[in-house]
Amino acid sequence: MPAPHHPNRSEILAVLGAVHEETLRFLDDLDERPVRNPGADSAARRFDVPFDEQGAGALGALQELIDQGMDATIASAGPRFYHYVIGGQTPASLAADWWASSLDQLSSSWVTSPLAAQLEIVSLAWLRELFGLPAQGSGYITTGAMMANFTGLAAARQWWGHRHGVDVAQEGLHDLPRMPVFSSGYLHAASIKALAMLGLGRDAARKFERDRVGRLDLEALERALAELQGQPAVLIGNAGEVNAGDFDPIAEMADLAERYGAWLHVDGAFGLFAATSPRSAHLVRGVERAHSVTVDGHKWLNVPYDCGYSFVQDADLLAQTFKMSAAYLLDPDDPVPIACNLGPESSRRARSFATWATLRAYGKSGCREMVEGHLDRAQELAALVERSPELELLAPVPLNIVCFRYNPGGIPESELQRLNQELGQAILEDGRVYAGTTVHEGKVALRPAIVNWRTRPEDIELFVRVVLELATNLAAG
Ligand SMILES: Cc1ncc(COP(=O)(O)O)c(C=O)c1O
């Protein structure tokens, strides 16, 4: 096959037509298709072939990707995927993301794409309003909450360096003491990874836990801050932990940050969406006082992968941390925000298209209704669990995660642990619905997280039926 030297309209029509047609088929079936096909692993391995001298041509490649690849995909965009915390894609965001790919916009600066730059500025301002964050301040669209935590904590590190008279971005960390980082047992692995990547170390964070669940011991945290005798520290508040959707007391942490002159970073990857509804806004009270805040787009906003947001109140800190300069690049002090000087990436895709489109399409009320629908689904699931004598609810359900296990009674604890572990595996292999296990207060548990706009009450009912069917089979076997 010849290289793609010249625009070939018939080739473009053929490949885009094939993808368009298959996308419609996929979306039509998505509500009913299994999350995972039994042959997914072998279908994926069929792609393990040598690199040919001769290409298959654009349509040949696309057809192979569609025909042979489909069975190896997971319907995580669908209504019955409750593993991890994974949202779907609204129609507006999906189409806008396509459009961003069609236009192949480089979202690094105003020069490379005024539209992508403007949509990023506008989307971040709208999101601040949606979440009740202060209107001033800086922000940056990331690949997800992992990189948003990295971005926010990088700003915190820069602030902390200044407090010691050092510009960390310029001079590095040598000659500085270890940065004190305090959190609860709810600290997410992504924050720990961010600390590792920032040269602060995975062990940097001290967790103050008052029980086996990991709830924050506020008094111990205050004692640790007092012991620092005015030295600056960084607090990480967790707004939405992954086992049961619980929250650190953000307002109390903000009080402590103010009292002891500490930085407050809040990881609200999915939990910040509690702010969109009067039913759940109390859970994130105080987040408006945080110095940096993380939230994901590809989780509860239901925009396609990948997309997250970092909000930092002090805009200068982001610019100091992430600016890059070279004769052929823009002046980092240009008054127009230059995204590549505000976050870790240089070249980046125009994630702002999908975010802007979903916010513009559905507005504040659309976001609120979606969240409230999920709050309802979570309560419906909790009620089904409580009504079932074979299932045991293990934690309150403040948000969108239901933590429970199979426990029909009369089975020794060690056996229950094994059974629930096997149940988690059986659910993934079965594929009709999808949910994984965790360990909550020492107990192996399921923790379905509901964040997909497509999830209906009947999907929740099917989930419980599948869990009970597989668990009963396992217990009998
Ligand atoms: C609380 C929290 N923080 C951070 C992350 C990492 O997010 P991402 O995978 O979008 O980078 C997650 C992912 O589940 C999360 O739940």
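**Exercise 1. Which domains does the domain assignment of the protein give, and which residues does each cover?**

Solution. The model is a predicted one, in which local features need pLDDT of at least 70, side-chain atom pairs count only at pLDDT 80 or more, and totals for chains, interfaces and linings use all residues. Residues are numbered from 1 along each chain as its sequence is written.

Step 1. The assignment lists domain 1 (1-73), domain 2 (95-361) and domain 3 (371-476); such bounds come from an automatic or database domain assignment.

Step 2. Between the C-alpha centres of domain 2 and domain 3 there are 32 Å. Their contact draws 20 residues from domain 2 and 18 residues from domain 3, where two residues are in contact if their C-beta atoms, placed from the backbone, lie within 7 Å.

Step 3. On the side of domain 2 that touches domain 3, there are eight nonpolar, eight polar and four charged residues. In these classes, Ala, Val, Leu, Ile, Met, Phe, Trp, Tyr, Cys and Pro count as nonpolar, Asp, Glu, Lys and Arg as charged, and the others, Gly among them, as polar.

**Exercise 2. Describe how helix 1 and helix 3 are packed.**

Solution. Step 1. The axes of helix 1 (residues 9-29) and helix 3 come within 9 Å and cross at roughly 10 degrees. Helices (H or I, at least four residues) and strands (E, at least two) are DSSP runs, numbered from the N terminus. Axes are lines fitted to C-alpha atoms, for helices over the stretch in contact, and angles run from 0 to 180 degrees between N-to-C directions.

Step 2. Helix 1 is therefore roughly parallel to helix 3. Angles under 35 degrees count as roughly parallel, over 145 as roughly antiparallel, 65 to 115 as roughly perpendicular and the rest as oblique.

Step 3. Helix 1 contributes Glu11, Ala14, Val15, Ala18, Val19 and Glu22 to the contact, and helix 3 contributes Ala58, Leu59, Leu62, Gln63 and Ile66. By class, this contact has eight nonpolar, one polar and two charged residues.

**Exercise 3. Determine how helix 5 is placed against helix 12.**

Solution. Step 1. Helix 5 (residues 114-131) and helix 12 (residues 352-387) have axes 9 Å apart, at an angle of about 30 degrees. The two helices are therefore roughly parallel to each other.

Step 2. Their crossing is left-handed; a crossing is left-handed if the near helix is turned anticlockwise from the far one by less than a right angle, and right-handed if clockwise.

Step 3. The residues in contact include Trp126 and Leu130 of helix 5 and Phe353 and Trp356 of helix 12. The contact has nine nonpolar, three polar and two charged residues.

**Exercise 4. Determine how helix 13 is placed against helix 14.**

Solution. Step 1. Helix 13 (residues 413-430) packs on helix 14 (residues 457-476) at an angle of about 125 degrees, with the axes 10 Å apart. Helix 13 is therefore oblique to helix 14.

Step 2. The crossing of helix 13 and helix 14 is right-handed.

Step 3. Among the residues that meet are Leu419 and Ile427 in helix 13 and Val466 and Leu470 in helix 14. This contact has 10 nonpolar, no polar and two charged residues.

**Exercise 5. Locate two backbone features in loops.**

Solution. Step 1. The peptide bond from Tyr305 to Asp306 is cis, with omega near -10 degrees. Asp306 belongs to the loop between strand 6 (292-296) and strand 7 (308-312).

Step 2. Tyr84, a residue other than glycine, has a positive phi near 45 degrees. Tyr84 sits in the loop between helix 3 (58-69) and helix 4 (91-103).
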